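This report covers the overall make-up of one chain, then one of its helices, one of its residues and its largest pocket.

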Amino acid sequence: MIRLDHTHVLTAFHQYEIGSSERQKRGLADNVCLAIEIHAQLEEEIFYPAMRLVYDSEILRKSTPEHDEMRGLIARLRNMPVNDPAFDDTFFDLMRHVMHHVADEETMVLPAAERLIPEQLSELGARMTKRRVELAGPRAPELASSMAKSMSAGTIMGLGSMMLAGAYLLTRGKYGDRLASARARFSRAV
């Protein structure tokens, strides 16, 4: 689960371009910020305490302070208009912090967890999943909004075209026959 979160955020980082629209930049930044906030809370509440029982390392000790630095950058981004000249630099600063943090976790902490507490990983994953739902549920509108804003116009047009094509296909063949039959029955009843 931790690796999936890392992949999600790194993928969003790769989508961010200085020349993108303000709407798309805000959407990507909001999406990344929300993902980092939830991820950090899950690690701090569930994963790190389990690891600290069996693994004492400088990387693990500095993980929470690194999260705090990221939270500071997130607060700055959230309170900064996208057209502020410092917005891109702040986003890239957050990106650097996250990439450093992810590298440490992926190369040191997660392999240690797989080696030291393999029998606990499924249970930790289940607890983190449950907690993620609790944390993300109230923020679902924020998540949906950031996802929609982060899409380019081409992506939105493509999704719209796919939905129209799907609707067309549903009105053809056996589904179309059923739909036509239902319409005829309704017309006769009225």
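In this chain, 78% of the contacts with a separation of 6 or more are between residues 24 or more positions apart; contact means heavy atoms within 4.5 Å. The model is predicted: local features need pLDDT of at least 70, side-chain atom pairs count only at pLDDT 80 or more, and totals for chains, interfaces and linings use all residues. Residues are numbered from 1 along each chain as its sequence is written, and side-chain values use heavy atoms, with hydrogens and water left out.

The chain holds 8 helices and 0 strands, where helices (H or I, at least four residues) and strands (E, at least two) are DSSP runs numbered from the N terminus. Of its 190 residues, 36% are buried, that is, under 20% relative accessible area with a 1.4 Å probe and protein chains only.

Helix α3 covers residues 58-78 and spans 30 Å from first to last C-alpha, close to the 30 Å expected at 1.5 Å a residue; the expected span is 1.5 Å times one less than the number of residues. At T64, α3 bends by about 30°, and the proline P65 follows within four residues. The bend is the angle between axes fitted to the seven residues ending at a position and the seven starting there. Buried residues of α3 include I59, L60, M70 and L77, and their cover includes α2 (22-52) and α4.

F13 lies in helix α1. F13 counts as buried because its relative accessibility is 4%. Apart from neighbours within four places in sequence, F13 is in contact with V32, F91, L94, M95 and V98. The C-alpha atoms of F13 and M99 are 9.7 Å apart, with their positions 86 residues apart along the chain.

The largest pocket has about 230 Å³ of space. A pocket is an open set of points on a 1 Å grid over the protein atoms alone, where a 1.4 Å probe fits, with protein on both sides within 12 Å along at least five of seven lines; lining residues have an atom within 4 Å of a point. Grid points are joined across faces, edges and corners, and the volume is the space filled by probe spheres set on the points. α1 (2-15), α4 (86-116) and α5 (121-136) each supply at least two lining residues, and α5 gives the most, with 4 residues. The lining divides as follows.

| Class (members) | Lining residues |
|---|---|
| Nonpolar (Ala, Val, Leu, Ile, Met, Phe, Trp, Tyr, Cys, Pro) | 8 residues |
| Polar (the others, Gly among them) | 1 residue |
| Charged (Asp, Glu, Lys, Arg) | 2 residues |

Methods: Buried means under 20% relative accessible area, exposed over 50%, partly exposed in between (1.4 Å probe, protein chains only).
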